[in-house]
Amino acid sequence: MTAKNTYGFLILTLFIMLFSGIASAQIHMYNGGVKIKITDNEKVYIKNGKYIHNGTDAINHRIQLTGEFKTDLGITLNANHGLFNYINSGTSFGKVIINGGKLDGSLGGKFIFSNLHLNSSSEIVLGADIDVYKELKFLSGNLDLKGKTANIYHSPSKFVTDNGEIIGESESTYIKDSDSSGSVQTFYLTPFPSNINLGNVGLKINTPTTGMDITIDRKYGTQQPYKSFKNYYVLNPGSAIPDSRVTLSYLNGNRQAGSNSSQFKIFKAPT
């Protein structure tokens, strides 16, 4: 492990759990409140364990990440602030790889990622909101929002280099919501060009002119009383977008049983 600890020592706690008489070691990294810096070309891998963060200082207790941080069993964030600092330094934005478990949070904290790669054999569950500024990339497995929100930032929402997008979502690796109350949100806070696929959330806007700022919510659950797909979109433009054309993409698993794709139409709900 090559992480740099600039203000103290990390506390490593070893838990031994017994299953059917066979000892299975889970090694968890517990941070009681120190600053960690993982720089370019450095990697931290918590194998068969998770990272538990109890820092309370909103600035000094975040992880400064431009290298790679990987964990097999997820992350627990017991704080009221984001965990990873977003570092805008050329191409060195850092990468977090989650191989399983849960992104759990309490006290109102949320996860801030530059690049989040999901590589689970089943699914990864959210226990807190997440912000992604570069890539939310699916290598394998699904992401269960569990009623939380995944914000995909699209340039220039915070820094001029933001270009967040979902990569690799497919029929076998996708975002779901077992609570039917979460959403995937993306937004563009300045005029955007025509024929743009904002955040790759499944909705594309084509307009002959430049559109103004817009927020797109991909909601989960069936919109009533229209019995739509198992997810739908809510668009909130900052101003009218003249002569716009909207293209929607969908997963077959989100179709209503017995539906006929040749009869699909885009409709506008009254509210």
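This report covers the nonpolar core, one strand pair, two charged residues and the aromatic contacts of a predicted model.

## Nonpolar core

The largest nonpolar core has 46 residues. Within this core, Phe69, Leu103 and Leu136 touch the most other members. Strand 13, residues 111–127, supplies the largest share, six residues.

Phe69 has contacts from several parts of the chain. Setting aside residues up to four places away in sequence, Phe69 touches Ile38, Val44, Ile46, Tyr51 and Ile63. Also on its list are Ile75, Phe84, Lys95, Val96 and Ile97.

## Strand 20 and its partner

Strand 20 spans residues 203–206. One face is covered and carries Leu203 and Ile205. The other is uncovered and carries Lys204 and Asn206. In a regular strand, side chains alternate between the two faces of the sheet.

Strand 20 pairs with strand 23, residues 245–248. The pairing is antiparallel and runs over four bridges. Lys204 has Thr247 of strand 23 as its bridge partner.

## Lys176

Lys176 sits in strand 17, residues 175–176. Its relative accessibility is 27%, so Lys176 counts as partly exposed; the buried class ends at 20% and the exposed class starts over 50%.

The side chain of Lys176 makes a polar contact with the side chain of Glu123, at 3.2 Å. These two residues are 53 residues apart along the chain. Their C-alpha atoms are separated by 9.6 Å. Beyond its neighbours within four places in sequence, Lys176 is in contact with Glu123, Asn142, Leu143, Asp144, Leu145 and Tyr220.

## Arg218

Arg218 belongs to strand 21, residues 214–220. Arg218 counts as buried because its relative accessibility is 6%, and the limit for buried is under 20%.

Two polar contacts involve the Arg218 side chain and other side chains. One joins Arg218 to Glu169 at 2.9 Å. Another joins Arg218 to Tyr220 at 2.7 Å. Tyr220 is also among the contacts of Lys176.

Leaving out residues up to four places away in sequence, Arg218 touches Glu169, Ile175, Gly182, Ser183 and Val184. Its list also includes Val201, Asn231, Tyr232 and Tyr233.

## Aromatic pairs

The structure holds four aromatic pairs. One of them is Phe111 with Phe113. The ring centres are 5.9 Å apart and the planes meet at 5 degrees, so this pair is stacked; planes under 30 degrees apart count as stacked. Phe111 is buried, with a relative accessible area of 0%. Phe113 is buried too, at 1%.

Tyr133 and Tyr153 form another stacked pair. Their centres lie 4.4 Å apart, with 25 degrees between the planes. Tyr133 lies in strand 14, residues 130–144, and Tyr153 in strand 15, residues 149–153. The pair therefore ties together parts that are 20 residues apart in sequence. Tyr133 and Tyr153 are both buried. With Phe187, these two tyrosines form one aromatic cluster.

## A lysine over a ring

Which residue lies over the face of Tyr45? The residue is Lys70, at 4.2 Å from the ring centre. In sequence, Lys70 directly follows Phe69, one of the residues that touch the most other members of the core.

Terms used
This is a predicted model: local features need pLDDT of at least 70, side-chain atom pairs count only at pLDDT 80 or more; totals for chains, interfaces and linings use all residues. Side-chain values use heavy atoms; hydrogens and water are left out. A nonpolar core is a set of buried Ala, Val, Leu, Ile, Met, Phe, Trp, Tyr and Cys residues joined through side-chain atoms within 4.5 Å. Buried means under 20% relative accessible area, exposed over 50%, partly exposed in between (1.4 Å probe, protein chains only). Helices (H or I, at least four residues) and strands (E, at least two) are DSSP runs, numbered from the N terminus. Contact means heavy atoms within 4.5 Å. Two strands pair if DSSP finds at least two bridges between them. A polar contact is a pair of N or O atoms within 3.5 Å; within protein, one must be able to donate a hydrogen and the other to accept it, and residues adjacent in sequence count only if both atoms are side-chain atoms. Rings of Phe, Tyr and Trp (its six-membered ring) pair if their centres lie within 6.5 Å; planes under 30 degrees apart count as stacked, over 60 as edge-to-face and the rest as tilted. A charge sits over a ring if NZ of Lys or CZ of Arg is within 6 Å of the ring centre and within 35 degrees of the ring normal.
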